[in-house]
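Work through the following exercises with the sequence and the model open beside you, and try each task before you read its solution.

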There are 2 protein chains.
Amino acid sequence: MIINIKRESILEELLKVSRIISQKTLIPSLLGILIEVKKDKVTFTTSDGDTSIKSEILIGNNLVIKSIGNILIKNKFIIEVIRKIEDEFITLEAVEGSLIKIKAHNFDSVLNTLTASDYPHLAFETEGKEITFTSNLLKEIISQTSFAIGEKEKRIVFNGLNLKTDLTKQELIITATDSFRLSSKKIKYHNSNEFDVIIPGKFINEIGKLINDNDDIIMKINEKSVSVLLNNTIIQSKIIEGKYPDTTKVIPDNFNTSLTVNNRELIKIIERASVLSNEAMTTIVTLKIGNQKVKITSFTQEIGNTEEEIQDYKIEGSDQIISFNSKYILDALKAFKTREVTIKMIDEAKPLIIVAQEDDTLQQLVLPIRSY
Amino acid sequence: MIINIKRESILEELLKVSRIISQKTLIPSLLGILIEVKKDKVTFTTSDGDTSIKSEILIGNNLVIKSIGNILIKNKFIIEVIRKIEDEFITLEAVEGSLIKIKAHNFDSVLNTLTASDYPHLAFETEGKEITFTSNLLKEIISQTSFAIGEKEKRIVFNGLNLKTDLTKQELIITATDSFRLSSKKIKYHNSNEFDVIIPGKFINEIGKLINDNDDIIMKINEKSVSVLLNNTIIQSKIIEGKYPDTTKVIPDNFNTSLTVNNRELIKIIERASVLSNEAMTTIVTLKIGNQKVKITSFTQEIGNTEEEIQDYKIEGSDQIISFNSKYILDALKAFKTREVTIKMIDEAKPLIIVAQEDDTLQQLVLPIRSY
């Protein structure tokens, strides 16, 4: 294979696909980026075994193909070399079977490669039930829900995002939970395709990084896989097998207290209360409602404590003292783009729910922590 | 003690002095920042035993003193709390002997402290031979030499920067070496104070961070210590005891080859050659002069190799093949602000010298590496 290619274009594709590679793979060839040069295009493929991505550049102003062939490049060095080159175009050439030559005007580099024929065959499915998202909507869904996906939960279904249709209500319900908090988003869905699928967290996060503004995004779902088509790129993942729990039963209907506050102010107050911790991830902060006052406090034995009053609030119902993990409550609050949020509580042991009057598509649930 | 102080001012001083603290100290009180509230000012002091800093804020618009006293605050949390507060002014108050209260409008925090009376007495010397630098000159000296100071050299004198006067030539000579490379800067010195002193690397680097533009900087040197006065701050260090070697003997006089090149171009070429390494710090690159060509090459067994021709150069003398540590040569080249540099060589085993025709104050020496 010999190609002459715009440096910027190949760098963009290499950076895009290299994120999928997992250093933990037991299949050595999956450490590489497969570059396939065909008559009319070059494709770049990587996979971690579950999630795979393929991206292509067509012949044209940015690409001249002089001879075809496949090569499996093995490491970050090709990216580093190409990044440092200043020429507009570079030449890639396979030499002696196992080497790749990267050539610019006065610069030559020869790198070792892996054996392309060892690369496993990846089937990129193109059949499935189709949904189309605008880029802004899909970005919003991901940013408002994906943080609540479990990372290494024993219940495997919690490591993914549940997408489920409700044809009678014409809704698509997106749910993430790690069993300590739950994020639920509902969007309109005018289609007759029914599904209930669990998409891995890694895949969702990669989609979030790949989306550009103004793209229309096509998602295809079948029994085994979910794939997203995005301009010149297809990214695909196995779906997580298993039945996602009916989370509607987890969300309480009746509350004893409802606190409405300015969301941005509350976020800042909880952030201030969270500083007194060596592990910021697990600061416990306490919300105290009583004596006509609303306070956020924190206490760390060896360091000290903080206390701050919330100034503007609207309260309905009884007094409360509820402690929670500051990271969980901050993630939940930051998911709202609204000026105000409402926190609904039952007591110090029951889940609290966050909603916003200005946006009925989103609902966040956080379990309290027993702090005594 | 009770003070009301501008949040921004105290944060600036706390951040400034906290950099000196070493977590490795065996004196527990040196983990703290000593805050001394006097009738007319507040001072902030830290020390690692060798280097000490004291900074002050005078009463005025930014500071109201309500009662005096000392307090030793122990950790990063006070900085984090103050950083997060949004009020313009905060109140600090010592309570119950061992606590400090940080108060803003609606916010209260109480932190544990250390025992101020345990803090060792630090003598800040104000006597010594004085030199004044413009901020720009001192910044230049530090950036052009300090990288070559050893970090943990067995020969203790190599862990510092040597400042030595030559009264006959009316020069101040600044030298840094870690025994693999050497940086030497000469500036004009019209004064009758003679000295030959070794200043610790940590101190020099702190000075570099403290200098603002347009400050005039007064350095005072006596037999035991060096101190720098900078607006409201004094920073002081023990000098390193011992005799700095006569480095003029290390620098060769006669060379076989002289290569003059565009400095920026050469830096980029060596950076490109340095990418093929898992530890970027120790890439070996080779300069090859021969057959009317000048090339920079690199070779890493498991990864690959690079080769690049230098386009514009002027050469005098014989052919050469010399290998060197890319970090050392890059540090040396980057110290020059000139368009061109000249590399003078003897052979593959002897030190090479870098100078610039446009700037005769600076000279860099780098030892080659035997690469075969």
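## Exercise 1: Two enclosed spaces

In this predicted model, helix 3 (135-145) and strand 11 (160-166) of chain A each supply at least two residues of the lining of the second largest cavity.

Task: find which element of chain A gives the most to the lining of the second largest cavity, and state how the lining divides by class.

Solution.

Step 1. Begin with the idea behind the search: rolling a probe the size of a water molecule over the atoms shows where empty space is left. Applied to the whole structure, the search finds three cavities of 30 Å³ or more, and the second largest of them holds about 40 Å³ of space.

Step 2. List the residues that line the second largest cavity, which are F133(A), L138(A), I141(A), I142(A), L161(A), L163(A), I174(A), I204(A) and M219(A). Helix 3 of chain A gives the most to this lining, with three residues.

Step 3. Sort the lining of the second largest cavity by class, and you arrive at nine nonpolar residues, no polar ones and no charged ones.

Task: carry out the corresponding analysis for the largest cavity, and say what its volume is.

Solution.

Step 1. The volume of the largest cavity is about 50 Å³.

Step 2. The lining of the largest cavity belongs to chain B and consists of F133(B), L138(B), I141(B), I142(B), L161(B), L163(B), I174(B), I204(B) and M219(B). At least two lining residues come from each of helix 3 (135-145) and strand 11 (160-166) of chain B, and helix 3 of chain B gives the most, with three.

Step 3. Nine residues of the lining of the largest cavity are nonpolar, while none is polar and none is charged.

## Exercise 2: A strand with two partners

Task: describe how strand 16 of chain A is covered, and identify the strands with which it pairs.

Solution.

Step 1. Strand 16, which runs over residues 225-230 of chain A, is mostly covered, since five of its six residues are buried.

Step 2. On one side of the sequence, strand 15 (residues 216-221) of chain A pairs with strand 16 of chain A in the antiparallel sense over four bridges. A bridge joins I221(A) to its partner V226(A) in strand 16 of chain A, and the two strands form a hairpin with three residues between them.

Step 3. Strand 16 of chain A also pairs with strand 17 (residues 233-238) of chain A, again in the antiparallel sense, over six bridges. Here L230(A) stands opposite T233(A) in strand 17 of chain A. Strands 16 and 17 of chain A form a hairpin with two residues between them, and N231(A) in the turn has a positive phi of about 50°.

## Exercise 3: Positive phi angles

Task: say where Q292(A) and N231(B) lie, and decide whether each counts as buried or exposed.

Solution.

Step 1. Recall the background, which is that most residues other than glycine have a negative phi. Q292(A), a residue other than glycine, has a positive phi near 60°, and N231(B), which is not a glycine either, has a positive phi of about 50°.

Step 2. Q292(A) is found in the loop between strand 19 (284-290) and strand 20 (293-300) of chain A, whereas N231(B) lies in the loop between strand 16 (225-230) and strand 17 (233-238) of chain B.

Step 3. Exposed means over 50% relative accessible area. Q292(A) counts as exposed because its relative accessibility is 72%, and N231(B) counts as exposed because its relative accessibility is 64%.

## Exercise 4: One glycine and the whole chain

Task: place G69(A) in its strand, give its contacts, and then describe chain A as a whole.

Solution.

Step 1. G69(A) is found in strand 6 (residues 69-73) of chain A, and with a relative accessible area of 21% it is partly exposed.

Step 2. Leaving aside neighbours within four places in sequence, G69(A) is in contact with M1(A), I35(A), E36(A) and V37(A). The C-alpha atoms of G69(A) and G242(A), which are 173 residues apart along the chain, are separated by 41 Å.

Step 3. Chain A has six helices and 26 strands, and its C-alpha trace spans about 80 × 55 × 35 Å along its principal axes. Of its 372 residues, 51% count as buried.

Notes. Residues numbered from 1 in each chain as written. Chains lettered and ligands numbered in written order. Predicted model: local features only at pLDDT ≥ 70, side-chain atom pairs only at ≥ 80, totals over all residues. Heavy atoms only, no water. 1 Å grid on protein atoms, 1.4 Å probe; cavity = no way out; pocket = protein on both sides within 12 Å on 5 of 7 lines; lining within 4 Å. Points joined across faces, edges and corners; volume = space filled by probe spheres on them. Nonpolar A, V, L, I, M, F, W, Y, C, P; charged D, E, K, R; others polar. Buried < 20%, exposed > 50% of the residue type's maximum accessible area, 1.4 Å probe, protein only. Pairing = 2+ DSSP bridges. Contact = heavy atoms within 4.5 Å.
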